[in-house]
Amino acid sequence: PHLAKCFENIRSLEIVKQATRPPTVVMIKSAENENLPMPRNVRIRGPIEQWLGNVESSMFESVKKHLRFGISDWKLTQFKEWVLSHPGQVVVTVSQIMFNWKCKKCFNGPKPHNQLQDARLVLMNRLDALAELMSTSLRAFQETVLETLLTINVHCRDVLSELIAKKIVREDDFEWIRQLRYEWNMQNNTCYVVQASSSFTYGYEYLGCSPRLVITPLTDRCWLTLTGALHLNLGGSPAGPTGTGKTATVKDLAKVRVKYDT
């Protein structure tokens with residue numbers, strides 16, 4: 001029961017007992033019953049803060065490993081199969097990394113406007129594929145992943161539609177750089193969360209298959225203000241009437257950064 005207070009979405013550990021050696025943690029399980037194998041077995045011995053710290057380090061390592069595998073598997077597997085064959089957090093993150101990469105490729109192409117229109121058609125086809133998957137027999141955590149992916153991809157579609165309508169063809173245009181996006185650095189194999197002039201290293205905390213809020217224009221403006229403040233080592237305090245989503249917006253930004261210090 002104490003794991004929920006230590007980690008965002010680890011609810012239980014799969015521990016294998018051995019006759020001559022200390023028990024080892026081989027897998028972590030989320031609240032949605034999604035399993036994430038550990039990259040290396042963590043032995044349970046010594047003070048709890050020591051071996052639980054090793055579990056945390058292995059969790060970071062496992063999420064990063066699965067992100068790398070999800071990116072390398074993107075072009076090698078059919079989209080429907082790819083969505084169901086990777087952890088939910090990896091599916092949501094890699095799809096946004098690839099969306100950012102595709103848009104940047106369009107901006108740097110010979111006909112950016114036409115290429116953005118083609119990218120929007122591809123995204124619409126993926127939305128149709130996700131809608132078809134929702135009508136199949138799925139496990140509960142897979143349904144949550146698809147709902148989150150649909151929410152994110154609908155926002156990506158709206159971003160592309162706005163870029164096309166405003167005829168944005170440059171990568172350094174404010175209409176593009178104000179969007180919160182994910183970038184994968186191939187040199188150091190690290191994911192970055194970028195918005196305007198702000199850049200943060202992806203937190204790699206295991207989030208399981210947690211749902212996400214619908215992203216509205218107001219959400220974008222709140223995030224832009226908060227990420228700008230964090231970039232300057234400042235804080236932010238959204239103000240407004242009760243029940244308008246101030247706390248939920250900040251919590252969702254923490255999910256985006258996968259780091260809970262916002």
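The following paragraphs lead through the sheets, the core, the helices and the largest pocket of this predicted model.

Residues are numbered from 1 along each chain as its sequence is written, and side-chain values use heavy atoms, with hydrogens and water left out. Because the model is predicted, local features need pLDDT of at least 70 and side-chain atom pairs count only at pLDDT 80 or more, while totals for chains, interfaces and linings use all residues.

Helices (H or I, at least four residues) and strands (E, at least two) are DSSP runs, numbered from the N terminus; two strands pair if DSSP finds at least two bridges between them. One open sheet has three strands in the order β1-β2-β3, with antiparallel pairing. Strands β1 (12–16) and β3 (35–43) are at its edges with a single partner strand each, so one side of each has no neighbour in the sheet. From one strand to the next, the twist averages 25 degrees. Five bridges join β1 to strand β2 (residues 24–29) in the antiparallel sense, and E14 has M27 in β2 as its bridge partner. Helix α2 (residues 48–73) lies across β1, β2 and β3 and runs at about 135 degrees to β3. Here axes are lines fitted to C-alpha atoms, for helices over the stretch in contact (heavy atoms within 4.5 Å), and angles run from 0 to 180 degrees between N-to-C directions.

A second group of three strands forms an open sheet in the order β4-β5-β6, and its pairing is antiparallel. Its edges are β4 (181–185) and β6 (198–201), each with a single partner strand, so one side of each is left without a neighbour in the sheet. Neighbouring strands of this sheet are turned against each other by 30 degrees on average, direction ignored. Strand β5 (residues 190–195) pairs with β6 in the antiparallel sense over four bridges; the partner of Y192 in β6 is T201. The hairpin of β5 and β6 has two residues between the strands, and in it A196 takes a positive phi near 55 degrees. Side chains alternate along β6: S198 and F200 point to one face and are buried, whereas S199 and T201 point to the other and are not. Buried means under 20% relative accessible area, exposed over 50%, and partly exposed in between (1.4 Å probe, protein chains only).

The largest nonpolar core has 67 residues, and V83 and Y202 have the most contacts inside it. Such a core is a set of buried Ala, Val, Leu, Ile, Met, Phe, Trp, Tyr and Cys residues joined through side-chain atoms within 4.5 Å. Leaving aside neighbours within four places in sequence, Y202 is in contact with residues including V63, Q89, Y182, Y192 and V256. A254 lies in helix α9 (residues 246–257) and is buried, with a relative accessible area of 2%. A254 and G203 are 51 residues apart in sequence and 9.4 Å apart in space, C-alpha to C-alpha.

Helix α4 (residues 88–107) lies across β4 and β5, at about 85 degrees to β4. The same helix gives the most to the lining of the largest pocket, with seven residues. Helices α4, α5 (112–134) and α6 (140–165) each supply at least two residues of that lining. Of the 20 lining residues, W74, M98, K102, V122 and R126 lie nearest the pocket centre.

Technical notes: 1 Å grid on protein atoms, 1.4 Å probe; cavity = no way out; pocket = protein on both sides within 12 Å on 5 of 7 lines; lining within 4 Å.
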